[in-house]
Amino acid sequence: MKKNRTVIIACLLSGTLFYACHKAETNPSGIDFPTLEQEVVNDFVSNVALPQYNNLTLAAGGLNAAIVTLNTTPTDVNLAAAQASWKTLRRTWEQCEGFLFGPVEDNDYDPNTDTWPTDYTQMDSLLASSNTLEPTDIQNLPQSLRGYHPIEYTIFGVGGSRTAASLTAREKKYMVSLASDVLNNNVQPLYDDWASAPVHYDNQVLTAGKGSTKFNTRQELYLAIVGAMTDISEEVGNGKMFEPFTAKDSTITESPYSGNTLSDFKDNIVGLQNVYLGLNGGKGIKDLVAAKNKSLDNQIQAQITSAISSFSNITLRYEQAIYDQRTQVQQTMTQLNTLRDLLDDELKNFITTYIKD
Amino acid sequence: MCHKAEIFPETGYDERLSGGAATVFDATSHAFTNAVDGLSARDERVHEIGDQTFEQIFVAPPATVFPGLGPVFNNISCINCHRNDGGGLPTAGFSNSGLLMRISLSGTDEFGGPLAVPGFGGQIQDHAVLGAQPEANVRIVYTDVPISYADGTIVHLRKPEYSLVNPYIALPGSYLLSPRLAPPLIGMGLLEKIPERTVVSFIDAGDKNQDGISGKANFIHNPFTNATELGRFGLKANTPSLLVQIATAYQQDMGVTSYVQTKESADGQAQMSTVHGDAQPELVDSILNDVNFYVRTLAVPARRNISDANVQQGATVFSQINCSGCHRPNMQTGIDQTLPQVSNQRIHPYTDLLVHDMGDGLADNRPDYLANGREWRTQPLWGVGLLEKTTGTAYYLHDGRARTLEEAVLWHDGEAAKARQQFLQLSKGDRENLLSFLKSL
């Protein structure tokens, strides 16, 4: 390992293009490192990003169908089915937030669908107005009146108190168009931006450092991936969990109507874990790290696991836990901050040290 | 015996550190979102609260959480226009639009500033809460303008025309419009600390050195201190401080009042009656201060590829054709004992904070204090090479008409006419080198 490091320093000193310099040495798994770098990228695209976004379109399709059924046959059974579909969609979405870069931020699919808190006052005005509430109308509304959370508000109600019989005609129209807006104007285009022309973001990632117009080097891509992992651990531990906790205010949690907030948090970290470990039998960043620094890999894997499992110590809804299980909430936030520091310092440092092309 | 401390020689600095100690090494899409290094735990917390508020959407009153939006507004959060703390998209009327229109009548107000239009104020808010109407919608039409280089290469610029449609009440017979695209926020805390005497020293009234560049400082009315002060921020340098800039953006762009801007943007207008029930000011004092601290402590991304030969040649061309006459590379911030990261720093902002005549093509023909209808403030260029990442799709100049850095250079005229002429005469290789240099910033 020492020797390899010297090779890299020699490349640096030569001041020329790094990939002109051969790193013939192999790691313990027998694959040379640049090849491994590319394999991890390939597997990130084909085993994590594309399938996860495809799952998202399926989940959004499922919610859409359930909401249409609830609209035509408003029974409590169908309401429960729509609520379950909503939670499935949220699980997939929150896991996709483990790699929040590219079209999802460039084309605003994130704020278009996942903006909170919902604007009740405006929503009441909207429902009372003459707005036709077609999907095209929804598309032009402020983001606080679009996406997952207005749907949540409509099908769960405050404190989860919604009954099918209480849905008004206008509310039903609104939820049908909201679900359609999520699927057709956001989730499907997000997948298409990755998988097909004209954006074909998958190719931009796959060709990082080899002609990609988004990533001039592979190191740039890896820093974006690790940056997204760091950001989500920061956002959950220091934002989404910390703010309601420190303000002791349950109205500013992420999914207050469905009580899904804690799952949202945990699924974000599971999404991060998917990127690190890889999915569906593919390679992940762990393979890169393990090839050079097994101890760091062990440390990161252990910290991710420890952060995820700490959520199960919080047994109440998050809206309640910020008052009654403060020790457990604090412990999870500490775990997440440790994870963030590990990613931001050690893993980022690993990337800039070893990925030089 | 007493030696006066001297500034380091030029070679003693690392030229990648565009913001001095307030520089960060990050070239991802989040490159503009980093706090300066070395904040205390308390200051980090203040920065964090400011960050969250910056991203926070505001909702119509009455509401328990972040009320105060409207009745008319341009967007519902800061981040919706300043994408990833960077620039905006040059569209109007969408949830991700970052372009707004200033409006005024000819003449000046009691402080020498633009004369507000009754019923519309000084800015068109093209969104409204339900029950109210947008003041007007903005229509943008682009026409093609071909430009030829000496070597025969042709570049197509797009020239925008702006008009207002669907006004909620009749517009006056004649009025002046000026488009403004949300700019990136990096390094604002450093720009605030450039000594006034430094900025004023850049003025070359009457163009004594005959390089075609004169420059003018914009002195404006500070509505908070009620004094005449040097304008530093805003695309026409019409704002004296970050505090006023931020408070005015909350007020004008979102309809959110604060202790600095106490009146609603729609104050005195008929549509004020459509919102009610929230306490004034709508933004808690400490929250405004937190956002101010947040913006002051956003770090500048470090330069990249500085040892690349093309980039180095581009830097030479940049000064040879005198882009650096306005986009000044080096200056020193003043002392700020409360924030060492921005205090006494050698920085490379590539601006002089002066307003310059930029020619007919870019003119808005709307005076703003001392800046006339052809003058715009020199835009800082630090971070400009990362805009593609932070925005998703980058747009340049005061209204985002330029889709590439090359187009942005070609729009320059007026005091920059000489530089532009020389750029047109450059070989393709040197043109590309110049652009590579800009991308390294």
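**How the terms apply to this predicted model**

Of the 357 residues of chain A, 48% count as buried. This is a predicted model, in which local features need pLDDT of at least 70, side-chain atom pairs count only at pLDDT 80 or more, and totals for chains, interfaces and linings use all residues. Residues are numbered from 1 along each chain as its sequence is written, while chains are lettered from A and ligands numbered from 1 in the order in which they are written.

Visitor: What makes a residue count as buried?

Guide: A residue is buried if 20 or more other C-beta atoms, placed from the backbone, lie within 10 Å of its own; with 12 or fewer it is exposed, and in between partly exposed. In α3(A), W86(A), L89(A) and W93(A) are among the residues that are buried.

Visitor: How do you know that the length of helix α3 of chain A agrees with what is expected?

Guide: Helices (H or I, at least four residues) are DSSP runs, numbered from the N terminus, and the expected span is 1.5 Å times one less than the number of residues. For the 21 residues of α3 (residues 76-96) of chain A that gives 30 Å, and the end C-alpha atoms are 30 Å apart, so the two agree.

Visitor: What covers the buried residues of α3(A)?

Guide: The cover includes α2 (33-72), α8 (148-156) and α13 (261-277) of chain A.

Visitor: Why is chain A called as compact as a globular protein of its length?

Guide: Chain A has 17 helices and zero strands. The radius of gyration, taken over C-alpha atoms, is set against the globule rule, 2.2 Å times the number of residues to the power 0.38. Chain A has a radius of gyration of 22 Å, close to the 21 Å that the rule gives for 357 residues, and is therefore as compact as a globular protein of that length.

Visitor: What makes a set of residues a nonpolar core?

Guide: Its members are buried Ala, Val, Leu, Ile, Met, Phe, Trp, Tyr and Cys residues joined through C-beta atoms within 7 Å. The largest such core has 206 residues, and M229(A) and L69(B) are among those that touch the most other members. The largest share of this core, 15 residues, comes from α2(A).

Visitor: How many residues does each chain bring to the contact?

Guide: Two residues are in contact if their C-beta atoms, placed from the backbone, lie within 7 Å. Chain A brings 29 residues and chain B brings 23 residues, and α11(A) gives the most to the side of chain A that touches chain B, with seven residues.

Note on methods. Helices (H or I, at least four residues) and strands (E, at least two) are DSSP runs, numbered from the N terminus.
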